[in-house]
Amino acid sequence: MLEVENLTCGYNSKFVLEDISFKLNRKEILGIIGPNGCGKTTLLRAITKVLKPQKGRILLEGKDIQKVNFRELAKKVAVVSGTYNIDINVKTEEIVLLGRIPHRHGLQFFETQHDEDIAIKAMTLTDTIKFKERFIENLSAGERQLVFIACAMAQEPSLLLLDEPTSHLDIAHQVQILDLIKRLNRDNGLSVILVLHDLNLASEYCDRLILLNNGKIFKIGIPQEVLTYSVIEAVYNTIVIVQENPFSKKPYILIVSEVERQKGDTR
């Protein structure tokens with residue numbers, strides 16, 4: 001689906017990412033993790049052509065994205081951020097219909113019946129059809145995030161990029177959002193790149209993980225290979241205990257507070 005080759009990019013001649021190379025398989029959920037400022041969001045910006053590579057290239061289905069116009073790219077790649085600022089109050093369905101803009105033709109100003117059908121399908125998939133007529137400002141943070149995922153699905157993408165989609169959400173909404181992403185991946189064949197801060201969520205929901213540190217790939221592999229005690233301590237400089245989730249058999253990270261560390265030192 002996607003191949004990143006020797007990517008180097010950044011801002012104002014300052015390189016944030018250096019020599020990044022990886023492949024995303026079709027129907028895979030690839031998690032991007034790492035400390036603050038390591039380049040996670042920068043990587044998504046490069047994949048969506050917001051940032052131009054200083055070196056290297058990004059291939060989407062074998063085509064260099066720099067040779068693909070934004071409209072065509074938006075038909076294949078959709079993005080969902082963790083935060084949105086909405087200055088006007090509109091109905092939920094109108095937000096979802098924005099996802100149809102890349103598919104408009106020439107001087108088309110209004111949605112067709114086909115556009116409306118696709119939007120309804122997207123809202124049904126994301127279980128947002130129940131507040132189709134409600135205004136976006138009257139929804140909770142979790143409900144809004146579902147609406148923005150519905151908007152992304154209305155683009156009919158092959159690849160979905162999510163930048164910390166569970167930030168500022170309670171645990172119930174975090175699970176709801178990520179369960180939805182997993183279903184879309186499994187049932188609709190959607191390929192996903194998912195930026196997460198929560199290592200336990202990344203472990204549970206991602207097929208493979210890329211751990212970034214200081215703008216470079218520190219480790220790439222399945223969660224069991226990436227989320228080890230030694231790797232986490234080296235990158236995050238934090239003492240943790242890594243155990244196995246008894247249900248999924250994936251790594252589960254337990255933090256150790258300073259108080260408990262001091263108790264351990266005196267035993």
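**Figure 1. Ile-136 in the loop between helix 4 and helix 5 of the predicted model.** Ile-136 counts as buried because its relative accessibility is 1%, under the 20% cut-off for that class. The residue is found in the loop that runs between helix 4 (113-125) and helix 5. Ile-95 is the partner shown for distance: in sequence, Ile-136 and Ile-95 are 41 residues apart. In space, their C-alpha atoms are 8.1 Å apart.

**Figure 2. The largest nonpolar core and the part of helix 5 in it.** This core has 49 residues. Ile-149 and Leu-160 are the residues with the most contacts inside the core. Helix 5, which covers residues 141-154, supplies 9 residues, the largest share of this core. A second core of 28 residues is separate from the first. Among the members of the second core are Met-1, Leu-30, Val-77 and Leu-159.

**Figure 3. Surroundings of Leu-160.** Neighbours within four places in sequence are left out of this view's contact list. Of the remaining residues, Leu-160 is in contact with Ala-78, Val-80 and Ala-152. Further contacts of Leu-160 are Ile-181, Leu-190, Ser-191, Val-192 and Ile-193. Leu-160 is also one of the two residues named for the most contacts inside the largest nonpolar core.

**Figure 4. Gln-174 in helix 6.** Helix 6 covers residues 171-188, and Gln-174 has its place there. Gln-174 has a relative accessibility of 16% and therefore counts as buried, the limit for that class being 20%. Apart from residues up to four places away in sequence, Gln-174 touches Thr-166, Leu-169 and Leu-201.

**Figure 5. The whole protein chain, for placing the close-ups.** The secondary structure of the chain comes to 10 helices and 12 strands. The C-alpha trace spans about 70 × 45 × 35 Å along its principal axes. A compact globule of 267 residues would have a radius of gyration near 18 Å, so the 20 Å of this chain agrees with that expectation. Of the 267 residues, 48% count as buried. Among contacts with a separation of 6 or more, 66% are between residues 24 or more positions apart. The chain exposes about 13900 Å², and carbon and sulfur atoms supply 50% of that area. There are 34 positive and 34 negative charges, and the mean positions of the two sets are 5 Å apart.

Technical notes:
Residues numbered from 1 in each chain as written. Predicted model: local features only at pLDDT ≥ 70, side-chain atom pairs only at ≥ 80, totals over all residues. Heavy atoms only, no water. Helix = DSSP H or I, 4+ residues; strand = E, 2+ residues; numbered from the N terminus. Rg over C-alpha atoms; globule rule 2.2 N^0.38 Å. Buried < 20%, exposed > 50% of the residue type's maximum accessible area, 1.4 Å probe, protein only. Contact = heavy atoms within 4.5 Å. Areas by Shrake-Rupley, 256 points an atom, 1.4 Å probe, with all protein chains shown as cover. Lys, Arg positive; Asp, Glu negative; His and termini not counted. Charge placed at Lys NZ, Arg CZ, Asp CG, Glu CD. Core = buried A, V, L, I, M, F, W, Y, C linked by side-chain atoms within 4.5 Å.
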